[in-house]
Amino acid sequence: MKPKTAVATAALLLFPLAGCGSAEAGSGSTVTVTVGYQSKTINTVTAGTLLRSLGYFEKELNALGDGKTYKVEWQDYATGAPITAQMTAGKIDIGSMGDFPLLINAARGKQLNQPTRLVSITGYNLRGGLNTIVTAPDSKLASLQDLKGKKVSTSVGSAADGTLVRALQRASIDPDKGIEKLNQQPAVGASALSAGSADALSQFVAWPGLLAYQGKAKALYDGAQLNLATFHGVTVREKFAEERPAVLEAFLKAQSETTAYLNDHPVAAAESVAKATKLPAEVVYLYNGAHGISTFDPAVKPQLVSALKKDVSILKEAKLTGDVDVDSFVDDQYVRKALGSSYARQLAAAPPPAASEVWPKGDATKTLAFKTPAELLNYVAGHKDEVRAAYVPDATTGTLWFADKAVWVADGTTLLPFVTPATAQVYVAAHGGARVVTYADALGRAS
């Protein structure tokens, strides 16, 4: 059935919010630049939370040497919708959000004669692993087929909703009539899952990992099973980009510097983001770590643009947008100029290979990497009181997950982790003698 609040959500996106200052407030030689970001959507930290804490944007603005004084106003939101509303009202200059909200941003900008452009990428996963469907820890739901007739919470118009729709379609379940979709903000949906008023929750980074870490949820569907890229990116008002290209270039240079910092100091970056967002650092690292679910790179990769074009049909079916001209919305000229000769290299760069990692207690600077999950288990078994967090990649999708929350399969002497019971069962069915074992059993077998 269709969500009762879908129309209200679409209406909210159409009209600007009131109460925020002008995007270019000030007079004379003072220029205010307003940046909208989502602190808890940690896939955007290189254009938001981490960038803000490092002060790189302000540093780049001060280096312009154009005689102007720049002031940066940072506005934090829970989702991309209010950022879009403020951008189309001319009150936010630069914003970051996920792929589906970016398309809505493009559509609303064109509709209200306040066009926007996608100018860079923050974090991405080429298989779609940033979105996950979870259920309660004691739920008997074991696969997507079990969602028929159930209440599923998501945020309509978000990438997580897109994952839910596509996953249900592949399972031959009507996304509108086959489930009861609850259109809720992530925090509300998390509470609904805990209270039992929702049977499942489909959400974006970092909610699934957070709930799993807290013992409040278990994974039902790994978005990477879709094998379709999902990402977050930076959008800018076209008028602002044309009037202040040097400011936009300064932002993109600062974003690139922040990306380099995150990649060079993943543990310190996770601790910094955790401090700013109040999220557990272990959850931040799951997504933003050295081998995390998200890869950070500002280059606008063709695979991401291709995925964005495929997303349009999902939003059209939900009646949240009409046609969106993705090619005219995507504009990487500014980031190409900001990154210079390194852009081609970053454009061609691939995500780092999946790896198992342990974050030892008392070490705020580094983690330990292992060639196989079994080697990680062997280490954990011998250092049980010395492990802050342990991470393993899904044996089929590569999606990183907490080792103690993974579904483990023993195939002879080989130990394999999976994010969900369904993918583990697929492997077991195809490999005679393989069977699901408990985490404790896996630790015992590895030691």
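Gly98 has its bridge partner in strand E10, and that partner is His232. This is a predicted model, so take the pairing as part of a prediction. Gly98 and His232 belong to a longer match-up: strand E3 (residues 94-98) and strand E10 (residues 230-237) run antiparallel and are joined by five bridges.

Now step back to the sheet around them. It is an open sheet of six strands, and reading across it you go E2-E1-E3-E10-E4-E11, with mixed pairing. At the edges you'll find E2 (69-76) and E11 (295-296); each has a single partner strand, so one side of each has no neighbour in the sheet.

Two helices are worth following from here. Start with H5 (residues 99-111), which packs on the sheet and touches E3, E4 (116-125) and E10, its direction making about 130° with that of E3. How much of H5 is covered? Mostly covered is the verdict, with 11 of its 13 residues buried. Among those buried residues are Phe100, Leu102, Leu103 and Ile104, but also Asp99, Asn105 and Arg108. You can check the helix length too: at 1.5 Å a residue, the 13 residues of H5 should span 18 Å, and the end C-alpha atoms are 19 Å apart, which agrees. Just after H5, look for Asn113, which takes a positive phi of about 60°.

The other helix is H10, which lies across E1 (30-37), E2, E3, E4, E10 and E11, and runs at about 0° to E4. Follow H10 (residues 245-264) along the chain and you come to H11 (residues 266-277); the axes of these helices come within 5 Å and cross at roughly 110°. That angle is why H10 counts as roughly perpendicular to H11. Which residues make the contact? From H10 they are Tyr261, Leu262, Asn263 and Asp264, and from H11 they are Pro266, Ala268 and Ala269. Sorted by class, the contact between H10 and H11 has five nonpolar residues, one polar and one charged.

Last stop: a hairpin further along the chain. Strand E16 (residues 407-411) pairs with E17 in the antiparallel sense over five bridges. One of the matches is Val407, whose bridge partner in E17 is Phe418. Two residues sit between the strands of this hairpin, and Gly412 in the turn has a positive phi of about 70°. Is E17 (residues 414-418) mostly covered or mostly open? Mostly covered, since four of its five residues are buried.

Methods:
Residues numbered from 1 in each chain as written. Predicted model: local features only at pLDDT ≥ 70, side-chain atom pairs only at ≥ 80, totals over all residues. Heavy atoms only, no water. Buried < 20%, exposed > 50% of the residue type's maximum accessible area, 1.4 Å probe, protein only. Pairing = 2+ DSSP bridges. Axes fitted to C-alpha atoms, helices over the stretch in contact; angles between N-to-C directions. Parallel < 35°, antiparallel > 145°, perpendicular 65-115°, else oblique. Contact = heavy atoms within 4.5 Å. Nonpolar A, V, L, I, M, F, W, Y, C, P; charged D, E, K, R; others polar. Expected span 1.5 Å × (residues − 1).
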